[in-house]
Amino acid sequence: MNILVLGSGGREHTFAYKIAQSNLCDTLFVAPGNAGTAAIATNVPIAVTDFTSIKELVLKEHIKMVVVGPEDPLVQGISDYFKSDNQLKNVIVIGPSKEGARLEGSKEYAKEFLIRHNIPTAAYQSFTAATVEEGKQFLETLNAPYVLKADGLAAGKGVLILQDIKEAKTELENMLTNKKFGAASEKVVIEEFLDGIELSVFVLTDGKNYVTLPTAKDYKRIGEGDTGLNTGGMGAISPVPFADHAFMSKIEEQIIKPTVDGLAKENIDYKGFIFIGLIKVGNDPKVIEYNVRMGDPETEAVLPRVQTDLVKLFQHVGEQSLDTITLDIDQRSATTVMAVSGGYPEAYQKGKEITGIDTVSESIVFHAGTKLEDGKVVTNGGRVIAVTSFDDDFRQALKKSYQNIEKLHFDKMYYRKDLGFDL
């Protein structure tokens, strides 16, 4: 069958890499794609939220499956768009309905869902510009650090964790009245701080059944020792060493099952990935957030470990028969290190030539912010390129990733050298 992947980052290159290996895939398209996807698929210059152009492409190329990478098209309702169109309704779309996507599109909606289904999470309250003073009073009732979350989508940067109450009050005002994150922070969720170690759990559901993918831990801060500004992610390790069988059983019983059952009970059409951001507090898991797609850069560490044919897996999602398939997982560790543009996550330059990609050995290179220009691969984003390696031990896998990332060069290239420091 002909398949379309929507997106242009490392996550989408990883999807394309796995889908291209399947005998079930005839022709693979990626929109808009990057220099990495161009080598294994046909890139099409269409924006991920241009539903009309996506429809035209699907019909013209007889595409039978659409795999949605980023959150924006999901929050804008691409799944519903396909379902409500007679020409598109038989195309399998991997991604939830607009209602399901609200789990990521609105922090408040997600918190209310968690509370309704008795899923463990931090205490919280929501505030708007009209209730900013009440928000400041609520901050007074909490202990430092203070967690402020923009309610809407803010490209992974809408969460502030602050030690000082005065600063927290100022930032609350910045978010609500000065629109620090634009429309995303018209409402702000203030949450109690949970102290523990974080991990991500990925679930693929057909709306009734589910399979749990490997766990991962990503590193969001730009600086070593988890310091500095939040980024979209500087690297990832899978599996998470501390997520043993007993802990995973708790996650399954207390979080995954009630989440999937809750979606079904509320008649929320959900066929796709649920990314559950968790924190281990003592020996108990609590939900920090939901995302409604795979994470990036976790995908680059998680999907290469999945040995089951990905297209076959997605077909089962479309047929609501995930209960008939067993996941085959590579038991080795996978580690991903992300090379980023100098200045990221603040201002950075694009168009820098990348060299050394062809010298990488024993690792997989996934392109994130890259494009082809006059036959050369150049930078085209903040997070530029990811290097994923396997080994029996995550430390050895990291060593391989670091040895190979050193073979890559572009002006002002930066990467964190301390991944796994907290494991």
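This is a short walk through a predicted model, going from its strands and helices to a few single residues.

Let us begin close to the start of the chain. Strand 1, residues 2–7, lies parallel to strand 2, and five bridges join the pair. To find one of these bridges, look for Val5, whose partner in strand 2 is Val30. Between the two strands the chain passes through helix 1, residues 10–19, and strand 1, helix 1 and strand 2 together form a right-handed β-α-β unit.

Strand 2 has another neighbour as well. Strand 3, residues 42–43, runs parallel to strand 2, with two bridges between them. Here Val30 turns up again, this time opposite Asn43 of strand 3. How many of the five residues of strand 2 are buried? Four of them are, so strand 2 (residues 28–32) is largely enclosed by the rest of the structure.

Our next stop is a pair of helices. Helix 8 covers residues 132–140 and helix 9 covers residues 165–176; their axes come within 10 Å and cross at roughly 155°. Angles over 145 degrees count as roughly antiparallel, and helix 8 and helix 9 are therefore roughly antiparallel to each other. Their crossing is right-handed. On the helix 8 side, the contact is made by Val132, Gly135, Lys136, Leu139 and Glu140. Helix 9 contributes Ile165, Ala168, Lys169, Leu172, Glu173 and Leu176.

Further along, you will meet an open sheet of four strands in the order 11-10-16-17, paired in the antiparallel sense. Which strands stand at its edges? They are strand 11 (210–212) and strand 17 (284–291); each has a single partner strand, so one side of each is left without a neighbour in the sheet. From one strand to the next, the twist averages 30°. Strand 16, residues 272–281, runs antiparallel to strand 17, and seven bridges join these two. Within this pair, Ile276 stands opposite Tyr290 of strand 17. Helix 10, residues 245–265, packs on the sheet and touches strand 10 (197–205), strand 11, strand 16 and strand 17. The direction of helix 10 makes about 40° with that of strand 17.

After this sheet comes helix 11, residues 298–302, which holds Thr299. Is Thr299 buried or exposed? Its relative accessibility is 0%, so Thr299 counts as buried. Leaving aside residues up to four places away in sequence, Thr299 touches Arg11, Thr14, Met294 and Pro304.

Now for strand 22, residues 383–391. Eight of its nine residues are buried, so strand 22 is largely enclosed by the rest of the structure. Strand 18 (residues 333–340) pairs with strand 22 in the antiparallel sense over eight bridges, and Val337 stands opposite Val387 of strand 22. Strand 19 also pairs with strand 22 in the antiparallel sense, over four bridges. One place to see this is Ile364, whose bridge partner in strand 22 is Thr388.

Strand 19, residues 364–367, also contains His367, which brings us back to the early part of the chain. His367 and Gly33 are 334 residues apart in sequence, while their C-alpha atoms are 9.4 Å apart in space. With a relative accessibility of 7%, His367 counts as buried, because buried means under 20%. Not counting residues up to four places away in sequence, His367 touches a set of residues including Gly9, Gly10, His13, Asn34, Ala35 and Gly36. Ile357, Val377, Val384 and Ile385 are also among the residues that His367 touches.

Notes
Residues numbered from 1 in each chain as written. Predicted model: local features only at pLDDT ≥ 70, side-chain atom pairs only at ≥ 80, totals over all residues. Heavy atoms only, no water. Pairing = 2+ DSSP bridges. Axes fitted to C-alpha atoms, helices over the stretch in contact; angles between N-to-C directions. Contact = heavy atoms within 4.5 Å. Buried < 20%, exposed > 50% of the residue type's maximum accessible area, 1.4 Å probe, protein only. Right-handed = clockwise from strand over helix to strand, strands pointing away. Parallel < 35°, antiparallel > 145°, perpendicular 65-115°, else oblique. Left-handed = near helix turned anticlockwise from the far one by under 90°.
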